[in-house]
Amino acid sequence: MAEDTNIILHTNDPELGKIEIAPNVLEIIAGVAAAQVDGVNRMRGSFSSSVNELLGRRKEHGKGVKLTYANEELDVDIYVYLNYGVSVPKVALEIQSQVEQQLLFMTEIKVHEVNVHVQGVIPEKTTSTVDPNNPFADDEENGDE
């Protein structure tokens, strides 16, 4: 977010007090909602968050999410990598829908817009068919001699 101030929710009964939500809570909600959509491989993260996850430290669920809150409107930017072979528009629309629904359901904050930025496509991992006992054999031989 542009500023790290908490978002104050408007309540029907102000005598009970106020409700504030930290921006990182909204980032986590949006990040988890986007990551659970079929076709999303991973969210974009920084170098430090990638290293932390590699070392087994805390997984950052809010990575790949940027929020802008101004004039009582929330704009969400989601940065994702998709699996190869999925329909990009279909997955992007599903991400928009899920993020908007989850933020409204969990916080009652109305989302002005959800912008999906596809950063790349991740191909499937292929398994090597090389025989470790005969690494220079042709694929056609298949070990039959």
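**Figure 1. The surroundings of Asp75, a buried acidic residue without a salt bridge.** In this predicted model, Asp75 is buried, yet no salt bridge is found for it, and Lys66, the nearest side chain of opposite charge, is 9.1 Å away. Here, buried means under 20% relative accessible area, exposed over 50%, and partly exposed in between (1.4 Å probe, protein chains only). A salt bridge is a side-chain nitrogen of Lys or Arg within 4 Å of a carboxyl oxygen of Asp or Glu. For charge, Lys and Arg count as positive and Asp and Glu as negative, while His and the chain ends are not counted. Asp75 belongs to strand S5 (residues 73-83), and its side chain makes a polar contact with the side chain of His112 (2.9 Å). A polar contact is a pair of N or O atoms within 3.5 Å; within protein, one must be able to donate a hydrogen and the other to accept it, and residues adjacent in sequence count only if both atoms are side-chain atoms. Leaving aside residues up to four places away in sequence, Asp75 touches Lys66, Leu67, Thr68, His112 and Glu113, where contact means heavy atoms within 4.5 Å.

**Figure 2. The salt bridge between Glu20 and Lys18.** Searching the whole structure yields one salt bridge. The side chains of Glu20 and Lys18 meet in a salt bridge at 3.0 Å, N to O. Glu20 is partly exposed, at a relative accessible area of 38%, and Lys18 counts as exposed at 60%.

**Figure 3. The largest nonpolar core.** A nonpolar core is a set of buried Ala, Val, Leu, Ile, Met, Phe, Trp, Tyr and Cys residues joined through side-chain atoms within 4.5 Å. The largest has 26 residues, of which Leu74, Val76, Ile78, Ile95, Val99 and Leu103 touch the most other members. Elements giving two or more residues to this core include helix H1 (23-35), strand S4 (65-70) and strand S6 (111-122). Not counting residues up to four places away in sequence, Ile95 touches Ala34, Val37, Val40, Ile78, Val80 and Val116. Gly31, in helix H1, is buried at 2% relative accessible area; Gly31 and Ile78 are 47 residues apart in sequence and 7.7 Å apart in space, C-alpha to C-alpha.

**Figure 4. Two loop residues with positive phi, Asn71 and Glu108.** Asn71, although not a glycine, has a positive phi of about 55°. Its place is in the loop between S4 and S5, and Asn71 is exposed with a relative accessible area of 74%. Glu108, also not a glycine, has a positive phi of about 60°. Glu108 is found in the loop between H3 and S6 and is exposed at 67%.

**Figure 5. Secondary structure and confidence along the chain.** The protein chain has three helices and six strands, in the pattern β-β-α-β-α-β-β-α-β. Helices (H or I, at least four residues) and strands (E, at least two) are DSSP runs, numbered from the N terminus. The average pLDDT, the predictor's confidence in each residue from 0 to 100, is 81, and 76% of the residues score at least 70. Confidence is highest in helix H3 (residues 88-107), at a mean of 96, and lowest in helix H2 (residues 47-54), at 46. Over residues 46-54 the pLDDT is below 50, and this stretch has nine contacts in the model beyond near neighbours in sequence. Where pLDDT is low, the predicted coordinates should not be read in detail.

**Notes.** Residues are numbered from 1 along each chain as its sequence is written, and side-chain values use heavy atoms, with hydrogens and water left out. In this predicted model, local features need pLDDT of at least 70 and side-chain atom pairs count only at pLDDT 80 or more, while totals for chains, interfaces and linings use all residues.
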